[in-house]
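Good morning, colleagues. Please take a moment with the sequence and the model on the screen, and then I shall go through several local features in turn.

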Amino acid sequence: MDNDKSPSNAPKRTHRTLLYVLLAVVVLLISGLLLLPSLISSKPGQQIVLSQINERVPGKADFTDFSVGWRKGVYVRDFTFESDDNDILVNVEEVKADVYYSSLLAGNLSFGRTVILKPTVLLKVVEAPPPVPVVVPPDVNAKGNDGIFNMPIRRIDLFVKDGDVSFQQNEKLVSRAGNIDSEVHIRPAGSESNFSLAANISGSDRQTSTVNSKATITPGGKGRRWDLSRASGEFTVDVNGVDMETMKPFLAMAGIDAEMGGVVDGQIESSISQGKVENVNGNFTGSGIRFGGPILKGDVFSTEQLSIDIGLGRTEDLIDVERLELRGDWFSANAAGTVPMTLESLEEFIGSEQATLSADFEADAAVLASQLPNTLGLGEEVKITAGRISGGAEKVYEAGVGRLEGRTEISDLRGVVNEREVVLAEPIEARGRISAVEDVISYDEISVRSAFADVFASGPFDSLDYSADVDLAAMQEQFGQFIWADELDLAGKFSAAGKAGIGQIITLDGDLQVQDLAVRIGQRSAEEPDITGRHQISIDTEQQLARLDSFLLEGQFGQINVDNAKVPFDMDTGDLDLSVDTRVDIGQAKQWVELFELWPDDMDIDGVIDSRLAVSSANGDVRIVTDDSFVEDMRVAAAEGRPVVEQRVDIKFEGLFKPETGDYDVSWDIAGQQISTRGRIFSEVEDDTISMEGQTDLSYDWDMVAGLAGPYWPEGLTVAGRREDSYSFSSIYPVDVEGALLSNFSTTGRVGFDSAVYMGLEAGPTDIPIDFSEGVMRIEPFETTVNEGTLRLGCVADFRESPAIVRLTEPMRVAENIAINERVTSELLQYVNPIFARTVRADGRANFQCDDLVFPLDMEYFDQAVLDGTFSVEQMRLGASGLLQLIFTAIGDPGQRVMQLHPTRFMLENGRVRYDDMQIDVGRNPVNFRGSVDVLAGTLDMDVVLPYTTRGQTARVDQPYEGTRITIPLKGTIDDPDIDVAGAIGRGVIEDTLRRGLERLF
């Protein structure tokens, strides 16, 4: 029997065991959940929570106690936080929060009474709190907006008691919000929620002001989800004695960078209904108010007293302005009436019988200009001393027609420009009158009238007739004196007329003319008897783009034509596409180039330029290209240079420019008969350093170069020959260092010529190797034939110095057996010894050993030049004149004898050539010189030792003599030497006979 019962009882025992297991699991889960707060609140649990917080924040957090309970909520005591950079310090004495866990598990935000006791926040700043990007709040009218206000909210009650937020700079208090008490009570949609905040604000002076605000709001929505687009409520803000400077750190945290000061008192109340503002009422008074920042370009707006009174309401899509008054020391503005909430309702506003508006304003122009010169674009040379800006607007409705009229007037304007007093004799007035019938707008008048200009437009909005007449001379006299330089004078009559359409796309179709245009700047002037123009322009305001369908400008100078061009408002975001065809008579147009000093005054140019130029941009980069430009009958003449004439010069050019970075890449191909050049140069800017590289091929005639160089070409230098050279070059240099490009320049190449003549020195074919490396130009020693002798030279020019200096690479025999002539003596050697001045003929062989040479390339620094060497001339014959003739006569020599200038060591220093003893043998008679010559002034300070002795003997180079040779002081100039015979007589060194002979001579 027992065996039969066992199988039937087995399933029952199995089911019972499974039930026990499930009950055990449930008990364990419930026990775990019940024990979870205790586990979290334990010391190990607190450490786990704290470590998780510190892993997720850039700093270190800590607390002395932390506990969680199913019924008592969350409790934290002595919470602290210190950022990694030690710039943020947070302390909270106590946090208590009643958390409804069941609501949270159901997906609802639900907190009971939550109290944050004595929270303190200390923010350390270096200069000012770093701006934080402004977070734009979500559109409350948009459906499905994210964030807390779209979450299911059941209940939140938050209390902040005795809070404190401080900003500290250099260990000193900057601003502080203390005694912060705040309550936030949030309820589900359809129920009333409210907020309140009270705080004391103080700065470094410890003076305290108060801020109080309250708000009550009943959001719309379904269930517990908020919908602010249908919210209703009201709020108030009350400030008492708030120092605006103490608010700067708080505004900076919101991303607002502003300089401000002054004390403000006032309050504002507002209410909303179904997500729309119903009314705003408020009044504020301030003293010592000042405001500045990037928006004012460095200017500071200020007024000692300020009052603002505002009362606004709403009627459907219109704003009722019950009152709007703004008054300061030097300005006032008032407005009342009904205005549209959006521009889309402008037609309805003007045509509405109920809509009204009356507004006026007035300001002192002198104070406005003095406080906001950068904002208004006034230069430092402009000072406004008096004036008045006033205006107003009025909306009227008469006989079924609504009109909006406005005006602005500038009057009694006085000022000082470039230290000269200026006066605006008559006011400038701008008026506008717009009418609407059945929402159709017509512009009855848009005008600007003054003593020098009359601009008028009228008609339908999409087809305005406009005209403008400007007397340029009167404009210059009345208004230009305030904004243009004193030396600028204008004259002529400008007129324009056509049609304009105003809308999303603005169109201009018309003609312009300038008659008898004359412009003078200082002593430079330009004139054009008749300029005419024709244009068709459309401006797309949505795409921020202007289209020049056609633009033609013609005058005596030629014509400029633009077709199908696109010009974006912002080159950084829009693409430019511009094609310009020009045919300009350079001779007629150069007066305008010279007027603005864009061409050297000492260079003249003529010809006709025919060009097709394409200009485009992409992503802010600008490209300029021409493949078909040329100049016909070009003639270039530099002062003191030979004219260069080219029948035709073809020009090809392509350049890419990046204004944002300063990078560019340019290539060119210019081809003429006498000069041709092609090449490429590109530059990149990185970390305030410019890297420039390039290459060019040149084909030129030296005769043409001399003509173009003109005033920069050494007088008397002639170079002949045609060259074809190629150069590669580079330079890496800092952006802001003047002259750094040349001081870091590198290239290699050769410069040569077939022949050259300078100061009587005639050189044959010469090829000079040049190595330019990082601002140092090195010319390796070379030699060439000059005047049947040999010229050797090797030098280094260091352009890293200021001024750039040329130095000899090593001591060398620079001149060897070079034949002299009268040009060499009278133009070069006269600065060595005045006997070479004004020679009528010359012959001999010169040698020069140079031991040291330091020569500045800028002649302004000639006094820094140093030349140390030994000079001699053999077999010298000179046709006597000037000083040499006097010496020949004094020694009884007819001037036909062969002379020899002995090797003489001399020094050029401090602008003077000096030597102790230069002996010139005239036949067998020695004549010695010592002293100096001022090279730039040409003055002499020398002694001449004649071949006569005090014993009456004549010294011979190959015979002894008795007595002392006679020394005569030599003064005056190179061209007009003065031998001081009287000085020699006073020293008693001349016998009576010799004295009488010399006196007859001198």
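A residue is called exposed when its relative accessible area is over 50%. With a relative accessible area of 56%, Lys 297 is therefore exposed. This residue sits in the loop that runs between β12 (276–292) and β13 (300–315). Its backbone deserves a remark: Lys 297 is not a glycine, yet its phi is positive, near 55°. Please bear in mind throughout that this is a predicted model.

Let me now give the overall picture. The protein has 1002 residues, and 38% of them count as buried. Its secondary structure comprises 15 helices and 53 strands. Among contacts with a separation of 6 or more, 50% are between residues 24 or more positions apart.

I turn to the interior. Which residues have the most contacts inside the largest nonpolar core? They are Phe 848, Phe 871, Met 876, Leu 901, Ile 920 and Phe 929, in a core of 58 residues. Taking Met 876 as an example, and setting aside neighbours within four places in sequence, its contacts include Ile 820, Phe 836, Leu 901 and Ile 920. Asp 843 and Arg 897 are also among the contacts of Met 876. A second core, separate from this one, has 29 residues, including Phe 452, Leu 490, Val 519 and Ile 531. As a general point, nonpolar side chains in soluble globular proteins tend to be buried together.

Gln 875 belongs to strand β47 (residues 866–878). Is this residue buried or exposed? Its relative accessible area is 52%, so Gln 875 is exposed. Although Gln 875 is not a glycine, its phi is positive, about 50°.

Next, a set of paired strands. Strand β38 (residues 745–753) pairs with strand β41 (residues 766–773) in the antiparallel sense, over seven bridges. One of the bridge partners here is Phe 772 in β41, which is matched with Thr 747. β41 also pairs with strand β42 (residues 776–786), again antiparallel, over four bridges; Ser 773 has Val 776 of β42 as its bridge partner. Two residues lie between the strands of the β41 and β42 hairpin, where Glu 774 takes a positive phi near 50°.

A further backbone feature is the cis peptide bond that joins Ser 802 and Pro 803, with omega about 0°. Pro 803 is placed in the loop between β43 (789–798) and β44 (805–808).

I come now to the second largest pocket, which holds about 760 Å³ of space. Its lining consists of 31 residues, and Ile 586, Val 593, Trp 599, Ile 605 and Ile 609 lie nearest the centre. By character, the lining divides into 27 nonpolar, two polar and two charged residues. Which element supplies the largest share of this lining? It is α9, with six residues.

Finally, I compare two strand residues. Thr 949, in strand β51 (residues 940–949), counts as buried because its relative accessibility is 3%. Beyond four places in sequence, Thr 949 touches Tyr 961, Glu 962, Gly 963, Thr 964, Arg 965 and Ile 966. Phe 235, in strand β10 (residues 227–243), has 35% relative accessibility and so counts as partly exposed. Outside four places in sequence, Phe 235 is in contact with Lys 214, Ala 215, Ile 268, Glu 269 and Ser 270.

Technical notes:
Residues numbered from 1 in each chain as written. Predicted model: local features only at pLDDT ≥ 70, side-chain atom pairs only at ≥ 80, totals over all residues. Heavy atoms only, no water. Core = buried A, V, L, I, M, F, W, Y, C linked by side-chain atoms within 4.5 Å. Buried < 20%, exposed > 50% of the residue type's maximum accessible area, 1.4 Å probe, protein only. Contact = heavy atoms within 4.5 Å. Pairing = 2+ DSSP bridges. 1 Å grid on protein atoms, 1.4 Å probe; cavity = no way out; pocket = protein on both sides within 12 Å on 5 of 7 lines; lining within 4 Å. Points joined across faces, edges and corners; volume = space filled by probe spheres on them. Nonpolar A, V, L, I, M, F, W, Y, C, P; charged D, E, K, R; others polar.
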